[in-house]
Structure formats: C-alpha cells, structure tokens
Amino acid sequence: MYERHGIIMTVGVYAVATGDNKRTELQNKVIQTLASNKEIVQVHGFYYSEKDNMLSVDVVPDDTIHDDSALVNKLTALIEPLTPGLQVTIVVDHNYSE
C-alpha cells in the first residue's frame with residue numbers, strides 16, 4: 001500500500017473480555033455508555049489494567065465533531081461514575097475513509 005498509494009496501514013487486534021467477572025462487566029458498561037452517545041459511531045480498543053489502576057478506550061466520532069478535547073471531557077465525565085478511582089484515557093480516532 002505504501003509503495004503503490006503512499007498509505008501507511010496498520011492492523012490491530014482487540015480482545016473482548018468474556019465470562020462473568022469484573023473486567024467483562026466494566027467493559028460492557030463503559031462501551032454501552034459511550035456508544036449510546038449520538039455522535040459516537042464506534043467504540044473499540046478497550047484496555048483495563050487493574051494493576052496500574054487505569055482504563056483506556058478508543059472512540060470514533062461522527063464527522064460533526066471538530067473539538068476532540070471537548071468530546072473527551074464530555075465522555076470522560078459520563079464514564080467516571082462507572083470507573084471510580086481509575087485513570088481514564090479516551091482516544092479519539094477519526095474516520096477519514098469515504
């Protein structure tokens with residue numbers, strides 16, 4: 001792709017927590033809460049580390065979003081009640097495909 005089109009491509013594999021446990025429950029709640037926002041097209045890349053007391057998740061907003069910082073602040077405020085005591089990082093991935 002790079003040689004022919006000048007495009008650098010990456011491939012990612014995202015694990016999904018399964019089973020009846022805290023990690024699965026947390027993942028489901030966070031993803032459902034974020035995905036319920038009308039401006040969010042997709043939620044992926046969920047990562048939770050109990051050891052490091054942190055959570056990271058990627059969101060893809062619709063094309064009306066131009067202020068990533070405001071979106072991150074809004075979404076962080078929504079999921080903080082679900083993640084007490086955790087350092088929360090929300091990464092905004094914009095969709096540039098046609």
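A salt bridge here is a side-chain nitrogen of Lys or Arg within 4 Å of a carboxyl oxygen of Asp or Glu. Side chains of opposite charge can pair when their charged atoms come close. Keep that rule in mind for the tour.

**Before you click.** This is a predicted model, where local features need pLDDT of at least 70, side-chain atom pairs count only at pLDDT 80 or more, and totals for chains, interfaces and linings use all residues. Residues are numbered from 1 along each chain as its sequence is written, and side-chain values use heavy atoms, with hydrogens and water left out.

**Whole chain.** Show the cartoon. You should find 3 helices and 3 strands, in the order α-α-β-β-α-β from the N terminus. Helices (H or I, at least four residues) and strands (E, at least two) are DSSP runs, numbered from the N terminus. The C-alpha atoms fill a box of roughly 45 × 30 × 20 Å along the principal axes.

**Surface.** Switch to the surface view. About 7,100 Å² is exposed, and carbon and sulfur atoms supply 51% of that area. The areas come from the Shrake-Rupley method with a 1.4 Å probe. Of the 98 residues, 34% count as buried. Buried means under 20% relative accessible area, exposed over 50%, and partly exposed in between (1.4 Å probe, protein chains only).

**Charges.** Colour Lys and Arg as positive, Asp and Glu as negative; leave out His and the chain ends. The chain has 7 positive and 14 negative side chains. How many salt bridges are there? The count is 3.

**Stop one: helix H2.** Select residues 22-35, then glutamate 25 and lysine 29. The two sit 4 residues apart, about one turn of the helix. Their side chains form a salt bridge at 3.0 Å, N to O. Glutamate 25 is partly exposed at 45%; lysine 29 is partly exposed at 39%.

**Stop two: glutamate 39.** Is glutamate 39 buried or exposed? Its relative accessible area is 7%, so it counts as buried. Now add lysine 38, which is exposed at 76%. The side chains of glutamate 39 and lysine 38 meet in a salt bridge at 4.0 Å, N to O.

**Stop three: lysine 74.** Keep glutamate 39 selected and add lysine 74. Their closest N and O atoms are 2.8 Å apart, in a salt bridge. Glutamate 39 lies in the loop between H2 and strand E1 (40-49) and lysine 74 in helix H3 (residues 68-79), so the pair ties together parts 35 residues apart in sequence. Lysine 74 is partly exposed, at 40%. Select Lys38, Glu39 and Lys74 together: salt bridges with shared partners join them into one network.

Terms used: The place of a charge is taken as NZ of Lys, CZ of Arg, CG of Asp or CD of Glu.
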